[in-house]
Amino acid sequence: MSGRPFRCIDAKRGKAHCFAQESTFTLSQVDADDFMKPEVDLIVVTHNSGSVLPVFLATVPGCASVVVVDNASVDDSVTLAEAAGAKVIEIEENVGYGSACNVGAAAGNAPFLLLANPDLRFEAGAIEALVAAAAAHPDAAFNPRFYSGPRRRFRRWSRLLPASDFWHGAPPNHDCVIPVLHGACIFIRREHFERVGGFDQNIFLFHEDDDLSVRLRQAGVELRLAAGAAVDHAEGRSSARSIESGRIKGEAMGRSLVYVMNKHQMPLDVPAERFRTWLKLLWPHVLFSSARRSKLLGFANGLNGGPMNSFGKRR
């Protein structure tokens with residue numbers, strides 16, 4: 001590498017840190033102060049995420065170079081990201097989560113990638129703990145511990161995995177191998193992400209993390225929990241909520257399910273899925289909620305398969 005320094009903005013303190021891109025370190029070579037300087041490209045995808053983005057950026061320490069990839073937002077997401085000193089890539093159409101992550105990853109060259117939703121908050125020391133976990137397990141990709149307020153969140157299974165691979169029991173509180181990655185926050189070496197081709201760009205939204213997990217496992221990359229890292233995840237608030245956005249998310253979920261099950265040659269009883277969806281529409285808490293009805297109707301339509309039409313051109 002050239003050794004050209006790059007600027008890493010600490011949005012919380014309003015300070016800039018510069019360090020050489022070719023610098024490398026091991027945990028034994030750094031003290032507590034220098035530990036704030038790993039080479040991490042933090043990729044966050046926004047789509048009308050202005051209500052959550054400032055809180056997210058305020059919890060990012062100076063150890064990450066932030067790249068905001070904006071999927072055709074019509075709110076103040078871009079303005080807020082630029083004001084925080086993040087590098088911003090604007091996409092004129094909403095290309096979906098995985099494709100936007102790929103764009104952000106290609107814009108940097110740090111050895112580590114941190115792919116995160118904007119409705120996260122990093123607990124103190126979380127990113128440093130992920131770097132430490134990667135140093136201890138160089139052939140692995142990682143999730144932190146997830147919380148939603150006081151509630152612990154943990155992915156025990158995926159429809160792309162055999163039942164024998166599911167996690168049984170309480171969520172772990174120690175570093176360990178896990179069955180599947182939660183896509184809201186993935187820490188991965190760039191070489192591993194590129195080895196498997198990044199996210200599948202045919203997946204607009206949902207199940208892209210399941211698909212990536214399977215391909216990483218097939219490539220010999222372990223999936224692990226870094227228990228020393230914790231994040232708070234305000235689930236489902238990455239984009240402004242509306243009846244229409246719910247319908248679109250539901251449709252994306254249905255189409256993505258059909259696509260990944262076919263891709264990985266897993267059985268899917270589409271008529272049964274559709275029947276269960278129609279039954280759910282009769283549940284009282286759905287029947288009297290236009291937002292829930294819209295999402296379920298979108299899911300039922302998405303089960304028809306086919307490509308997900310782009311939505312949300314910037315106006």
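Q265 sits in the loop between α7 and α8, and it's a handy place to start looking around this predicted model. Zooming out, the chain has 315 residues, and 51% of them count as buried. Its secondary structure adds up to 10 helices and 12 strands. Below is a quick tour, from loops to helices to a hole inside the protein.

**How far to trust the model**

- The pLDDT averages 86 over the chain, and 83% of the residues score at least 70.
- Go carefully with residues 1–38, though: the pLDDT is below 50 there. In the model this stretch still has 69 contacts beyond near neighbours in sequence.

**How the chain folds back on itself**

- Take the contacts between residues at least 6 apart in sequence: 73% of them join residues at least 24 apart.
- V74 and S49 make a nice example of a pair to find in the viewer. They are 25 residues apart along the chain, while their C-alpha atoms are separated by 9.5 Å.
- L296 and K280 are another pair to try. These two are 16 residues apart along the chain, with 7.9 Å between their C-alpha atoms.

**Three loop residues**

- Back to Q265: its phi is positive, about 55 degrees, although Q265 is not a glycine. With a relative accessible area of 73%, Q265 is exposed, because anything over 50% gets that label.
- F206 has a positive phi too, near 80 degrees, and again this is a residue other than glycine. You'll find F206 in the loop between α5 (190–195) and α6 (208–218).
- Is F206 buried, partly exposed or exposed? Its relative accessibility is 24%, so F206 counts as partly exposed.
- V74 belongs to the loop that links β4 (65–71) and α2 (77–83). Its relative accessible area is 43%, which means V74 is partly exposed.

**Helix α3, a mostly covered helix**

- How many of the 10 residues of α3 are buried? The count is 8, so the helix is mostly covered, with buried meaning under 20% relative accessible area.
- The buried ones are Y97, G98, S99, A100, C101, N102, G104 and A105.
- What do these buried residues pack against? The list is a mix of strands and helices: β3 (40–46), β4, β5 (87–91), β6 (112–116), α5 and α6.
- N102 is worth a closer look within α3 (residues 97–106). Its relative accessibility is 13%, so N102 counts as buried.
- Not counting residues up to four places away in sequence, N102 touches F193, G198, F199 and Q201.

**Helix α10**

- α10 covers residues 290–302, which makes 13 residues. From its first C-alpha to its last, the helix reaches 18 Å, close to the 18 Å expected at 1.5 Å a residue.
- Which residues of α10 are buried? They are S294, L296, G298, F299, A300 and G302.
- Here's a general idea to keep in mind while you look at any α-helix: with 3.6 residues a turn, residues three or four places apart point the same way.
- The cover over the buried residues of α10 includes α7 (243–263), α8 (270–280) and α9 (284–287).
- L296 is a good residue to click on in helix α10. Its relative accessible area is 17%, so L296 is buried.
- Leaving aside neighbours within four places in sequence, L296 is in contact with T277, K280, L281 and V286.

**A hole inside**

- How many cavities of 30 Å³ or more does the structure hold? There is 1.
- The largest cavity has a volume of about 50 Å³.
- Its lining is made up of N143, P144, F146, F154, R155, I178, V180, H182 and L225.
- Which strand gives the largest share of that lining? It's β8 (residues 140–148), with 3 residues.
- Sorted by class, the lining of the largest cavity has 6 nonpolar, 2 polar and 1 charged residues.

Terms used. Residues are numbered from 1 along each chain as its sequence is written. This is a predicted model: local features need pLDDT of at least 70, side-chain atom pairs count only at pLDDT 80 or more; totals for chains, interfaces and linings use all residues. Side-chain values use heavy atoms; hydrogens and water are left out. Helices (H or I, at least four residues) and strands (E, at least two) are DSSP runs, numbered from the N terminus. Buried means under 20% relative accessible area, exposed over 50%, partly exposed in between (1.4 Å probe, protein chains only). On a 1 Å grid over the protein atoms alone, a cavity is a set of points where a 1.4 Å probe fits but cannot get out, and a pocket is an open set with protein on both sides within 12 Å along at least five of seven lines; lining residues have an atom within 4 Å of a point. Grid points are joined across faces, edges and corners, and a volume is the space filled by probe spheres set on the points. Ala, Val, Leu, Ile, Met, Phe, Trp, Tyr, Cys and Pro count as nonpolar, Asp, Glu, Lys and Arg as charged, and the others, Gly among them, as polar. The expected span of a helix is 1.5 Å times one less than its number of residues. Contact means heavy atoms within 4.5 Å. pLDDT is the predictor's confidence in each residue, from 0 to 100.
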